[in-house]
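Hello,

Here is the structure I said I would pass on. My notes on what turned up in it follow below.

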Amino acid sequence: MKKILYIIFLTLFTYNAYAEESTHSLKSYTGSIDNKYNISMFIEDNFTGYYKYHSTKLPITINREKKKITGSDKSEFIIKKENKTSLSGKWKNNGKTYNFALNDGKCLGGKVCSYTIISYNTENYSNQGIYFDDLGICRISLSVYDDTEKLPTNMSKEKIYSVLKEDAKKLDGEYSGSIRVSYFDNNFVCLYGGASFYYEGTAHPSFDFGGSCLNINNKTIVAYKLKDLIVDSPASRKMIMKEITAYFEGEEDYSFNEEDVFGGGEYDIYNYTIFEQYAYVTFDSIGISIRYLLGEAGRSQDFFSIPVEKMKPFATGDFKKMLESK
């Protein structure tokens with residue numbers, strides 16, 4: 001009888017609360033196409049990532065299938081030879097074919113080879129943390145238990161589980177959070193975390209998201225505001241207004257002027273400016289929180305981003321370093 005009760009308890013515990021880990025590899029290459037066009041390639045799990053020409057510095061996303069790597073620019077890297085540190089073969093695009101060779105396949109900055117996603121789940125709660133195995137540094141996605149900015153970044157996997165478990169205990173309602181790597185090079189690994197949640201007694205979910213980047217060299221994790229990534233200038237403001245107008249095209253409830261977006265208007269009691277909002281970095285865009293521009297009624301619209309290509313002319317700080325990274 002005791003054995004049967006133990007099995008029932010174990011089954012219920014497995015259903016109601018469980019934790020899991022998944023480990024992922026990170027790698028960087030340098031090389032050239034036709035011994036003429038210098039490129040770098042960064043790849044995760046030997047499956048996805050990006051490459052960029054040193055001349056343009058713009059990331060081109062890629063996906064790999066066995067012996068072929070396909071870029072978002074319709075390029076193809078047909079792999080003929082491969083070992084732990086090199087790839088070589090034929091590059092094809094727009095009717096042209098050249099040899100390519102990628103060498104020095106190594107961990108990011110020679111320091112970060114992998115990371116582990118740590119998940120904790122119950123019936124009404126799921127959330128994740130990320131742990132950089134080679135540095136002993138972590139990040140919780142979006143914590144209900146505490147402000148993640150106040151949590152120590154140097155924690156064991158066991159401590160991450162403990163924080164996520166305490167989140168679940170303190171929660172009233174439903175919560176679903178996740179975290180993932182959104183960009184990486186030999187100096188930075190950037191993260192994106194999102195969550196949806198129901199407060200007790202509410203009929204509709206709320207959404208939130210956030211981003212931060214690990215500086216591999218000084219082992220710190222930083223959350224950026226838009227002003228940390230691009231300069232505030234008449235030209236950058238004009239670009240932002242154009243992108244916001246296009247984003248809300250056809251939606252009458254969202255018609256913004258420059259005072260709405262950059263502050264200083266007669267009725268701007270919150271002194272809102274988009275440059276003070278948090279932003280996150282991905283392979284091909286910069287995401288910007290516009291939650292306070294929209295208000296609670298527009299929370300589902302708060303997934304605004306601008307392509308890296310349009311942000312590049314205004315890049316500053318760490319974002320500029322990312323573009324220039326090889």
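Arg237 is partly exposed, with a relative accessible area of 26%. Its side chain forms a salt bridge with Asp232, and the closest N and O atoms are 2.8 Å apart. Asp232 is also partly exposed, at 44%. Please keep in mind that this is a predicted model, so the distances and areas here are computed from predicted coordinates.

The Asp232 pair belongs to a wider group: a search of the whole structure finds 11 salt bridges. Another of them joins Glu82 to Arg64, with 2.7 Å between the closest N and O atoms. Glu82 lies in strand β6 (residues 76-82) and Arg64 in strand β4, so this salt bridge ties together parts that are 18 residues apart in sequence. The two ends sit in unlike surroundings: Arg64 is buried, with a relative accessible area of 8%, whereas Glu82 is partly exposed at 35%.

Within helix α8 (residues 317-324), Asp318 and Lys321 are 3 residues apart, about one turn of the helix. Their side chains meet in a salt bridge of 3.8 Å, N to O. Asp318 counts as buried because its relative accessible area is 17%, under the 20% limit. Lys321 is partly exposed at 48%. Elsewhere, Glu21, Asp133 and Lys157 are joined into one network by salt bridges that share partners.

Asp167, in helix α2 (residues 157-170), is a contrasting case. This residue is buried yet has no salt bridge. The nearest side chain of opposite charge is that of Lys170, 8.2 Å away, and a salt bridge needs the nitrogen and the carboxyl oxygen to be within 4 Å. What the Asp167 side chain does have is a polar contact of 3.3 Å with the side chain of Tyr125.

On the nonpolar side, the largest core has 56 residues, and Phe132, Ile240 and Ile274 touch the most other members. Leaving out residues up to four places away in sequence, Ile274 touches Leu226, Ile240, Ile244, Val261, Phe262, Ile288, Ile290 and Phe304. There is also a second, separate core of 17 residues, and Ile118, Met155, Ile160 and Tyr161 are among them.

Two backbone angles may be worth a look. Most residues other than glycine have a negative phi. Lys66 is not a glycine, but its phi is positive, about 50 degrees. Lys66 is placed in the loop between β4 (60-65) and β5 (68-71), and it is exposed, with a relative accessible area of 75%. Asp104, again not a glycine, has a positive phi of about 55 degrees. Asp104 lies in strand β8 (residues 96-106) and is partly exposed at 49% relative accessibility.

Finally, confidence. The mean pLDDT of the protein chain is 87, and 87% of its residues reach 70 or more. Over residues 1-15 pLDDT stays under 50, and for that stretch the model has 1 contact beyond four places in sequence. Where pLDDT is low, the predicted coordinates should not be read in detail.

Regards

Note on methods: Residues are numbered from 1 along each chain as its sequence is written. This is a predicted model: local features need pLDDT of at least 70, side-chain atom pairs count only at pLDDT 80 or more; totals for chains, interfaces and linings use all residues. Side-chain values use heavy atoms; hydrogens and water are left out. A nonpolar core is a set of buried Ala, Val, Leu, Ile, Met, Phe, Trp, Tyr and Cys residues joined through side-chain atoms within 4.5 Å. Buried means under 20% relative accessible area, exposed over 50%, partly exposed in between (1.4 Å probe, protein chains only). Contact means heavy atoms within 4.5 Å. Helices (H or I, at least four residues) and strands (E, at least two) are DSSP runs, numbered from the N terminus. Lys and Arg count as positive and Asp and Glu as negative; His and the chain ends are not counted. A polar contact is a pair of N or O atoms within 3.5 Å; within protein, one must be able to donate a hydrogen and the other to accept it, and residues adjacent in sequence count only if both atoms are side-chain atoms. pLDDT is the predictor's confidence in each residue, from 0 to 100.
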